[in-house]
Amino acid sequence: DNFLQQFNTVLSEDWQDIVPGRAAMLRLNGPRGGLDIVVVYMDTGDARLERARIRDAIRARLRPPENALTIMLGDWNFVREDKERVNLERATWSGGTDAAEHEELELHLLKPFHFHEVFQCDMTHSSSRGASRLDRAYVNVHVADQLTRTWACVPLDWCKDLSAHRPVEVSRRSNVRPAMKARSIPTGPCK
């Protein structure tokens, strides 16, 4: 199946610039429900207020989790854990300074919309000064979704001529084998 064939015809208004050059969303709808794909490129450096403004603009455009599956991914330009950024000039970890900003992301965006990180542990940004895990993906799936599906995020090969960032691939696979689908819950007493 072609991926887009699962949805209604994509119209120009289905692509929404949330913050031009920083955040956008492709809104797809079809007989099986809605899917929103949000791409993010947050401001770099000491730009916490600008990143908060982008975060709030994204929040204002999101559909409730019961109305659409949302995949939100991109370059967040801050890290959560100390060992998610290394300063190569000093050979020291330097990521812990962003923990408060990540807590705000969780409070204002991730928790209200039931987002969970599709975790991968590799560094996704590299320069002469350092390396970091800036590129992350989040999905708003119910925790019970883990019973029947596996979500994965994998960094792909570097293409340094194009970007200092590695592309990441997000995927969802069914854990249900065909033989499992045919089974039903017994209607009689269990032994």
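This is a short talk on the pockets, the cavity and the salt bridges of one structure. Keep in mind that the model is predicted.

Let's start with open space. The largest pocket holds about 850 Å³. Its lining counts 31 residues, and those closest to the centre are G34, L35, L69, W151 and R172. Which elements give two or more residues to that lining? They are β3, residues 33-41, then β4, β11 at 149-155, and β12 at 168-174. The top contributor is β12, with five residues. By class, the lining splits into 15 nonpolar, ten polar and six charged residues.

Now the second largest pocket. Its space is about 600 Å³. Here 28 residues form the lining, with T44, G45, R85, R129 and S132 closest to the centre. Two or more residues come from each of α1 (48-61), β5 (85-87), α2 (99-110) and β9 (130-132). The class split is seven nonpolar, eleven polar and ten charged.

Next, closed space. How many cavities of 30 Å³ or more does a search of the whole structure find? One. The largest cavity has a volume of about 50 Å³. Its lining residues are M42, R48, R51, A52, R55, F78, E101, E104 and L105. Both α1 and α2 supply at least two of them. Helix α1 has the largest share, four residues. Five of the lining residues are charged, four are nonpolar, and none is polar.

Several of those names come back with the salt bridges. The whole structure has 14 of them. Take R51 with E101. Their closest N and O atoms are 2.6 Å apart. This pair joins distant parts of the chain: R51 sits in helix α1 and E101 in helix α2, 50 residues apart. Are R51 and E101 buried or exposed? Both are buried. And both R51 and E101 line the largest cavity.

Compare a local pair. R59 bridges to D56, with the closest N and O atoms 3.3 Å apart. Both lie in helix α1, three residues apart, about one turn of the helix. R59 has a relative accessible area of 29%, so R59 counts as partly exposed. D56 is at 28%, so D56 is partly exposed too. R59 and D56 also belong to a network of salt bridges that links them with R48, R55 and E104. Of that network, R48, R55 and E104 appear in the lining of the largest cavity.

A third pair is R149 and D145. Their side chains meet at 2.9 Å, N to O. Why does D145 count as buried? Because D145 has 12% relative accessibility, and the cut-off for buried is under 20%. R149 is at 31%, so R149 is partly exposed.

Last, a charged residue without a partner. D75 lies in strand β4, residues 69-75. D75 is buried, yet has no salt bridge. Where is the nearest side chain of opposite charge? That is R22, and R22 is 7.0 Å away. A salt bridge needs a nitrogen within 4 Å of a carboxyl oxygen, so R22 does not qualify. What does D75 touch, leaving out residues up to four places away in sequence? The contacts are V40, Y41, M42, L134, D135 and H165. One of these, M42, also lines the largest cavity. And strand β4, where D75 sits, is among the elements that give two or more residues to the lining of the largest pocket.

That's the tour. Questions, please.

How values were computed:
Residues numbered from 1 in each chain as written. Predicted model: local features only at pLDDT ≥ 70, side-chain atom pairs only at ≥ 80, totals over all residues. Heavy atoms only, no water. Buried < 20%, exposed > 50% of the residue type's maximum accessible area, 1.4 Å probe, protein only. Lys, Arg positive; Asp, Glu negative; His and termini not counted. Contact = heavy atoms within 4.5 Å. 1 Å grid on protein atoms, 1.4 Å probe; cavity = no way out; pocket = protein on both sides within 12 Å on 5 of 7 lines; lining within 4 Å. Points joined across faces, edges and corners; volume = space filled by probe spheres on them. Nonpolar A, V, L, I, M, F, W, Y, C, P; charged D, E, K, R; others polar.
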